[in-house]
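Here are a few short exercises to work through at your own pace. Keep the viewer open and try each one before reading its solution.

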Amino acid sequence: MNHHRTPLFTALRNHAALNPVQFHIPGHKKGLGADTEFREFIGDNAFSIDLINIAPLDDLHQPTGVIEEAQMLAADAFGADYTYFSVQGTSSAIMAMILSVCSPGDKIIVPRNVHKSVLTAIIFSGAKPVFVSPSQDANLGIDHGVTTQSIRRALERHPDAKALLVINPTYYGVVTDLKEIVELAHSYQVPVLVDEAHGVLIHFHEDLPLSAMTAGADMAATSVHKLGGSMTQSSVLNLNTKNGFVNPQRVQTILSLLTSTSTSYILLASLDTSRRNLALHGREIAQKAIDLAEFARRTINDMDGLYCFGKELLGTEATFNYDPTKVTVHVRHLGITGYETENWLREHYNIEVELSDMYNILCLVTPGDTDNSIDILLNALQDLSRTYYQVNPAHELVVKVPDIPQLMLTPRDAFYGDTEVIPFKESAGRIISEFIYVYPPGIPILLPGEVITQENIDYIIDHVEVGLPVKGPEDRSVTNVKVIVEADAIF
């Protein structure tokens, strides 16, 4: 296919050049009705293509023209049979994957450290999750992927599962042997769905981990905006229909249910043009990011008190390969936390990192980086090292997560059930109806439908008391919690 073409973006530019008189939304009418300061900052070009699904520009909900052409080009670029654009991020694409294969009561095998969109889809669908614990890294204090062995055990115990979801790669860039897992799941006639939010570049360079489509997975939700150059909230959903587990028409219907009818053509155009750039120059721009990241990694590892993992991490089932553009800096030996490091870099060098946890910060190196941006980061980390090395004692690395609680109700039934609010410290033995996450390491400790244990309570309160962020519950202080109402016995 001719990847120099951008059918959607070209149609938008041509339409804007005609300067039509608009009696349709959006009401800013090419920016004339917008706030003056905002219009001057954004520019008239952006307003000129901020349009809706009028006939010349096709309709994302039922594409038959330029959007359909753009999606076909994207499918070719990503090695997929079908590709659908998402203007509501990878979260919407992940939900569409799950909702297209799971019905109420169906089982889905998922890692415990999944993104909240997976859990949202489980609630919407009424599916029953079968959780698999990820492998924990006792040296870094982070989670890796699930192992083939753990997936095999889950499939043996639940051969009636309707789907398996895998993360490829993890937030920190580490992957398991996805091809082996796909082959194992397919031997049980179970489709494989992949959260590939952080894997757009892996499609375009042979030295990066295997992409979901290349590994034979059935669906993969990929954030083009995270690393591939499109605008925030623009993603794709790739389908492999060769194994017969996926119905593309069903997926399109589910996506349409989840997607706004006022789809952003600016976001769609950025997907169209980013596909062009990746298809024509993907290997080149990925190589640039790899080279910059590897230079940063070598330099960081020469700094006192800092460590950035690389190929030496590989060799286990959970660490089959990794994406070197994810630069994880372990700061524990400086006697400070990742949270403190993030704030220090912001305050002293105006640097914003992707995330921080108790022991690490994560810096994403992308095709948008330059020698200059990497030098700024390295100079800042060198200053950090000089400031803190051997000043404070190193923190003891402790990463302990309570056992996965017993699931008594499906997350959907618990989320929508009759609830009451009680003190969290007195909630042992009750069924929770909301989420509680603790960072680090980011694994949900309690999900709707699970039985709260004293171990859960102690673990969460310990983290709250030391000031670590707890997310999920309506009561952000976690003083109270919503639980399922227990009906009185009738005699």
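Helices (H or I, at least four residues) and strands (E, at least two) are DSSP runs, numbered from the N terminus. The model is predicted, so local features need pLDDT of at least 70 and side-chain atom pairs count only at pLDDT 80 or more, while totals for chains, interfaces and linings use all residues. Residues are numbered from 1 along each chain as its sequence is written, and side-chain values use heavy atoms, with hydrogens and water left out.

**Exercise 1.** Find the strand that holds Pro-444, and decide whether this residue is buried or exposed.

*Solution.* Start with the element: Pro-444 sits in strand 18 (residues 444-446). Next, take the cut-offs: buried means under 20% relative accessible area, exposed over 50%, and partly exposed in between (1.4 Å probe, protein chains only). Pro-444 has 1% relative accessibility and therefore counts as buried. Finally, look at its surroundings, where contact means heavy atoms within 4.5 Å. With neighbours within four places in sequence left aside, Pro-444 touches Arg-112, Asn-113, Leu-119, Ile-436 and Tyr-437.

**Exercise 2.** Describe how helix 1 and helix 4 meet.

*Solution.* Begin with the geometry, using axes that are lines fitted to C-alpha atoms, for helices over the stretch in contact, and angles that run from 0 to 180 degrees between N-to-C directions. The axes of helix 1 (residues 7-18) and helix 4 (residues 66-78) come within 7 Å, crossing at roughly 145 degrees. Then list the partners: helix 1 brings Pro-7, Leu-8 and Ala-11, and helix 4 brings Val-66, Ile-67, Glu-69, Ala-70 and Leu-73. Sorted by type, the residues of this contact are seven nonpolar, no polar and one charged. In this sorting, Ala, Val, Leu, Ile, Met, Phe, Trp, Tyr, Cys and Pro count as nonpolar, Asp, Glu, Lys and Arg as charged, and the others, Gly among them, as polar.

**Exercise 3.** Locate the cis peptide bonds that precede Pro-26 and Pro-169, and give omega for each.

*Solution.* Recall the background: most peptide bonds are trans. The bond from Ile-25 to Pro-26 is cis, with omega near 5 degrees, and Pro-26 belongs to the loop between helix 1 and helix 2. Moving along the chain, Asn-168 and Pro-169 are also joined by a cis bond, with omega about -5 degrees. Pro-169 lies in the loop between strand 6 (163-167) and strand 7 (174-175).

**Exercise 4.** What is the sign of phi at Gln-189, and where is this residue found?

*Solution.* Phi of Gln-189 is positive, near 60 degrees, although the residue is not glycine. Its place is the loop between helix 8 (178-187) and strand 8 (192-196). At 56% relative accessibility, Gln-189 counts as exposed.
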